[in-house]
Amino acid sequence: MPLVHWSERSPASLFVLIALAGCSSDGSGPNGDSVTVQLRAAQTSLVPAETTQLTWEVRDASGNVLTGETVMLSSGNTSVATVTPAGVVTAVGVGTATITGEARSVTGQVTILVEAGGLVTAAGGTLTGPGGGMTLIVPAGALSATTAIRLQVASNPLLDPTAVAGSIYSIVPSNLAFAAPATVRVGYDPARRPAGMLESALRVRGFVGGAWSELAGGSVSPASHTAEAPIDGGGTVSVGWVSPSTPCTQPEHRQFDFWLGSWDVGTTGPPFAVSDITATPEGCAILEHWQPNSAPVGRSISFYEPSTDMWYQTYLDSSGQRLTIAGRFEAGVMTMLNPPGGGTTHERWQWYVDGTGVRQTAAPTTNGGVSYQPFSWNALYTPR
């Protein structure tokens, strides 16, 4: 079954009309009326080597078609798309190109978008995604007919903090199905993975049924910062954390369990947010679902990494903020610093049990933690 694709930009397969009118002494109809040149493209979104046919009309001010008019066609960017005198547009490279038709010094234009990807035949082929960030290798026999496949940069569904930022791509069309598995290879920036996440824990995942699922048979290469896996169709993929198959049973893994629960969050007045804190099934990570009344929605992942004996958290919100912090649990208090490792200027985040709830605070310092300024954040989580 092909992956379920959460969103995509479909090719522009509808009949598109973009017309620009001009008027000059020699740009007139037989009665001295101004004329327009109208270009039409059956498809305005292409992949390299794909073609589309243009048609055109010259009309007078009353909208009547003028016959016998010659329209000269040209491309404003031949490295992206070319056009023949007969109106055949051929995609050459990724980008946009404006095709212009001119008659009587009057022009009409249509813009052609060429996306990363390409045409793949029954013989198979290799496609490269935007910026070279991903590769799709389609074997012979995987497709029965020549197919236009688009490789697009995708946004982060559900603000999932387990994905490596910048590693999310869509293979379009989403209902594409391969008769034999293709291979998807995705590059990633190790500095943009979840804070503290070992590269060995990363894999290619597919977004299926509203959640990320590991693509079986995949692997990661920390040396080249790439991950690859077999794939059976179109959809959205990313490099990200894959929940381990074995439980996390060390006592340190339970240090943050006091934060688990469904909470109302506030200060002294009515709650200004709700937050659901859940553990992954094997107990190796804690996931935060932050839903304020009138501010950006947020998500985070927190986990203990035995190799460093530290806790890490990566937080994302719908405003685009990304926060990475790290620290330890000592004397009943979970303390993490932004940036991880601290420094002369940093922010200290703390969580601890407060009555039947959990207190969460943040305070800045400019002297390496010798002293901290008043709280920049102070909220109480109470059971909901």
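1. A pocket, as the word is used here, is an open set of grid points with protein on both sides within 12 Å along at least five of seven lines. In this structure, which is a predicted model, the largest pocket has a volume of about 410 Å³.

2. Of the 20 residues lining the largest pocket, those closest to its centre are Asp160, Thr162, Ala211, Trp212 and Leu287. Two or more lining residues come from each of strand E17 (211-214), strand E23 (286-292) and strand E24 (298-305), and E17 gives the most, with four residues. By class, the lining of the largest pocket divides into eight nonpolar, seven polar and five charged residues.

3. The second largest pocket has a volume of about 340 Å³, and of the 18 residues that line it, Trp290, Tyr315, Gln321, Trp349 and Trp377 are the closest to its centre. E23 supplies at least two residues of this lining, as do strand E25 (310-317), strand E28 (346-354) and strand E30 (377-383). The lining of the second largest pocket has eleven nonpolar, four polar and three charged residues.

4. Turning to the interior, the largest nonpolar core has 38 residues, of which Leu136, Ile149, Ile171, Phe178, Val184 and Ile231 touch the most other members. Strand E15 (residues 177-187) contributes the largest share of this core, four residues. Another core, of 22 residues, lies apart from it and includes Val89, Ala97, Ile99 and Ala103.

5. Ile171 deserves a separate look: leaving aside its neighbours within four places in sequence, Ile171 is in contact with residues including Met134, Leu136, Ile149, Val184 and Ile231, and also with Arg150 and with Gly233, Gly234 and Gly235.

Terms used:
Residues are numbered from 1 along each chain as its sequence is written. This is a predicted model: local features need pLDDT of at least 70, side-chain atom pairs count only at pLDDT 80 or more; totals for chains, interfaces and linings use all residues. Side-chain values use heavy atoms; hydrogens and water are left out. A nonpolar core is a set of buried Ala, Val, Leu, Ile, Met, Phe, Trp, Tyr and Cys residues joined through side-chain atoms within 4.5 Å. Buried means under 20% relative accessible area, exposed over 50%, partly exposed in between (1.4 Å probe, protein chains only). Contact means heavy atoms within 4.5 Å. On a 1 Å grid over the protein atoms alone, a cavity is a set of points where a 1.4 Å probe fits but cannot get out, and a pocket is an open set with protein on both sides within 12 Å along at least five of seven lines; lining residues have an atom within 4 Å of a point. Grid points are joined across faces, edges and corners, and a volume is the space filled by probe spheres set on the points. Ala, Val, Leu, Ile, Met, Phe, Trp, Tyr, Cys and Pro count as nonpolar, Asp, Glu, Lys and Arg as charged, and the others, Gly among them, as polar.
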